[in-house]
Number of protein chains: 2
Amino acid sequence: MREDVEAVLAANREFYRAFANRDAEAMANLWSRRNPIACIHPGWDALVDRDQIIRSWQQILATRDAPEIECLNVTPYVIGEAAFVVCHEALDGNMLAATNIFRLEDGDWKLIHHQSGPLAILPLGDMEAPSSERLH
Amino acid sequence: MREDVEAVLAANREFYRAFANRDAEAMANLWSRRNPIACIHPGWDALVDRDQIIRSWQQILATRDAPEIECLNVTPYVIGEAAFVVCHEALDGNMLAATNIFRLEDGDWKLIHHQSGPLAILPLGDMEAPSSERLH
């Protein structure tokens, strides 16, 4: 179980490494080809088609002014051959909260879902957003 | 497998029923007590403590002007004893995209994670957000 957690954390680091390095090929290889996947970029509609998801990443990683991204405060959860992490994404003074879901395939933890959205306030100990910013 | 999908969809419906009916007791019972959980409300920081998560729902459901919520366009994914759905949440003219993760416990699919965030545009076939709204 401890090994699974380490492997999931490594897969999550690899995701942010590909993101930060704008490595579209590594990004495409991180996502499962065998199982259904999904992706919700901040503000975007949910994507559930693999080609559309890979294209969305190619588009994001090709943008000349793509922001630097850093992954922080990772909390991992493993449930058999599925796992997810909850983490922060720091980019250009913005802080986002993200969920990344992985699935074990032949010994590799492959990405099957990503959702990320901005925090209304920066995390400073107290965990609640101001009510004026809340949708629910 | 088909039965698992149906059971996950039923658990997801129950989550939105509790939400729409402001049923804090049902909401608390839907979330796992046995396993670690997480929750990212729109704009909020990630919550990873069960008491904090249940309190956040009590607070949301107790708000007199809590918006009506409807779950739409659910796509389910089952991976052994873990499952997640990607769906839309329609509330008061806003459209959000959400991820709900479940874990099988003694035959019941219990919630272990929820993340929801607003779409920058309403979904109308084309799935991409305008670049001005994008964080990545």
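**Figure 1. A stacked ring pair in chain B.** At 1% relative accessibility, B:F84 counts as buried, and in this predicted model B:Y77 is buried as well, with a relative accessible area of 6%. What puts the rings of B:Y77 and B:F84 in the stacked class? Their planes stand at 0 degrees, with the ring centres 4.3 Å apart, so the pair is stacked.

**Figure 2. An edge-to-face ring pair in chain A.** Over all chains, the count comes to 10 aromatic pairs. Here is one to look at closely: the ring centres of A:F19 and A:W57 are 5.1 Å apart and the planes meet at 85 degrees, so this pair is edge-to-face. The two residues come from distant parts of the chain, 38 residues apart. A:F19 sits in helix α1 (residues 2-20) of chain A, and A:W57 sits in helix α3 (residues 50-62) of chain A. Are A:F19 and A:W57 buried or exposed? Both A:F19 and A:W57 are buried. If you widen the view, you will find A:F15 and A:Y16 too: ring pairs link A:F15, A:Y16, A:F19 and A:W57 into a cluster.

**Figure 3. Two helices packing in chain B.** Helix α1 (residues 2-20) of chain B packs against helix α3 (residues 50-62) of chain B at an angle of about 50 degrees, and their axes are 9 Å apart. An angle of 50 degrees falls between the roughly parallel range, under 35 degrees, and the roughly perpendicular one, 65 to 115, and α1(B) and α3(B) are therefore oblique to each other. Which residues make the contact between α1(B) and α3(B)? From α1(B) come B:F15, B:A18 and B:F19, and from α3(B) come B:W57, B:I60 and B:L61. Sorted by type, the residues of this contact are 6 nonpolar, no polar and no charged.

**Figure 4. The open sheet of chain B.** Follow the strands across this open sheet of 5 and you will read the order β1-β5-β4-β3-β2, with mixed pairing. The edge strands are β1 (38-40) and β2 (70-79) of chain B, each pairing on one side only. On average, neighbouring strands are turned by 20 degrees against each other, direction ignored. Within the sheet, strand β4 (residues 94-105) of chain B and strand β5 (residues 108-118) of chain B pair in the antiparallel sense over 10 bridges. To find your place in that pairing, look for B:I101, whose bridge partner in β5(B) is B:H113. Helix α1(B) packs on the sheet and touches β2, β3 (82-91), β4 and β5 of chain B, with its direction making about 145 degrees with that of β2(B).

**Figure 5. Strand β4 of chain A and its two partners.** How many of the 12 residues in strand β4 (residues 94-105) of chain A are buried? The count is 10, so to speak of this strand as mostly covered is fair. On one side, strand β3 (residues 82-91) of chain A runs antiparallel to β4(A), joined by 10 bridges, and A:A82 has A:R103 as its bridge partner in β4(A). Strand β5 (residues 108-118) of chain A is also antiparallel to β4(A), again with 10 bridges, and here A:N100 stands opposite A:H114.

**Figure 6. Two hairpin turns in chain A.** The hairpin of β3(A) and β4(A) has 2 residues between the strands, and A:D92 takes a positive phi near 50 degrees there. In the hairpin of β4(A) and β5(A), which has 2 residues between the strands, the residue to look for is A:D106, with a positive phi near 50 degrees.

Key:
Residues numbered from 1 in each chain as written. Chains lettered and ligands numbered in written order. Predicted model: local features only at pLDDT ≥ 70, side-chain atom pairs only at ≥ 80, totals over all residues. Heavy atoms only, no water. Axes fitted to C-alpha atoms, helices over the stretch in contact; angles between N-to-C directions. Helix = DSSP H or I, 4+ residues; strand = E, 2+ residues; numbered from the N terminus. Parallel < 35°, antiparallel > 145°, perpendicular 65-115°, else oblique. Contact = heavy atoms within 4.5 Å. Nonpolar A, V, L, I, M, F, W, Y, C, P; charged D, E, K, R; others polar. Buried < 20%, exposed > 50% of the residue type's maximum accessible area, 1.4 Å probe, protein only. Pairing = 2+ DSSP bridges. Phe/Tyr/Trp six-rings, centres within 6.5 Å; stacked < 30°, edge-to-face > 60°.
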